[in-house]
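This report looks at how the inside of one protein model is packed and where open space is left in it. Please keep the sequence and the structure in view while reading.

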Amino acid sequence: MPSGDDPGGRPLTERGARTRERLLAAAREVFEERGFLETRVTHITRHAGVAYGSFYTYFPTKEAVFLEVADRLFEEMTDHALVPSAGPGPADRVRRANRAYYEAYLRNARMMAIIEQVATFNEEFQELRRKHRASSVGRSARVIARWQREGLVPSDIDAETAAGALATMVDHSLYLWIVQGSDPRGAERLLETLDTLSVRALGLPD
């Protein structure tokens, strides 16, 4: 559902749009505090300072507001792909993309933990997650393919598979380190290792 419409597809007034944004902001804070399963619509409306019935003017269910919160988060999280065509060399762009993703993950660590939980049982959410991942991996794959045409990456590497594998490595490593707290040795050491593995896997000149 477009963010400027109510559940019936009607455009929102300016006041209605502000109320909807308040509900979204409140929903995220409540989800982060209580988790998805323990959150109730009453928790969200109370936190937003709006009447209980107002929630259903903008969202049909708790799941719907969670999906939009997650959709916005994914937009921010996947904005790290190797998109810019100008700037530093390929190896530096890989490092910058990894750093940007790490910083976004750190900002959104609580929601990322909840997302991992919801992904185990909500099919609509799983589809949303796949859509954003495919978009991000696809952008990175196109950059890798261009580097192959420029002779910077070996031609026998499948660009799409490589982009997906590297994204999975970085994403799961950060989940274990930030959410699970499994690497006590420090972020910089982890990031340098991820950078080195990514650059060498692509055969990029350092």
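## The nonpolar cores

In this predicted model, the largest nonpolar core holds 44 residues, and those that touch the most other members are Phe31, Ile44, Phe66, Phe125 and Leu174. The element that gives the most to this core is helix H4, residues 62–77, with eight residues. Both domain 1 (14–60) and domain 2 (70–201) take part, since each supplies at least three residues to this core. In general, nonpolar side chains of soluble globular proteins tend to be buried together.

Phe125 can serve as an example of the packing: leaving aside residues up to four places away in sequence, Phe125 touches Phe66, Leu67, Ala70, Phe74, Ile115, Val118 and Ala119. A second core, separate from the one above, has 15 residues, including Val94, Val137, Trp147 and Ala159.

## Helix H2 and its surroundings

Within helix H2, which spans residues 41–48, the buried residues are Val41, His43, Ile44, Thr45 and Ala48. Among the elements that cover these buried residues are helix H1 (14–34), helix H3 (55–58) and H4. After H2 comes Gly49, which has a positive phi, near 75°.

## The largest pocket

The largest pocket contains about 630 Å³ of space, and of its 30 lining residues, Tyr101, Arg133, Ala167, Thr168 and Asp171 are the closest to its centre. At least two lining residues come from each of H4, helix H5 (90–107), helix H6 (109–118), helix H7 (123–149), helix H8 (159–179) and helix H9 (187–202). By type, the lining consists of 16 nonpolar, nine polar and five charged residues.

How values were computed: Residues numbered from 1 in each chain as written. Predicted model: local features only at pLDDT ≥ 70, side-chain atom pairs only at ≥ 80, totals over all residues. Heavy atoms only, no water. Core = buried A, V, L, I, M, F, W, Y, C linked by side-chain atoms within 4.5 Å. Buried < 20%, exposed > 50% of the residue type's maximum accessible area, 1.4 Å probe, protein only. Helix = DSSP H or I, 4+ residues; strand = E, 2+ residues; numbered from the N terminus. Domains from an automatic or database assignment. Contact = heavy atoms within 4.5 Å. 1 Å grid on protein atoms, 1.4 Å probe; cavity = no way out; pocket = protein on both sides within 12 Å on 5 of 7 lines; lining within 4 Å. Points joined across faces, edges and corners; volume = space filled by probe spheres on them. Nonpolar A, V, L, I, M, F, W, Y, C, P; charged D, E, K, R; others polar.
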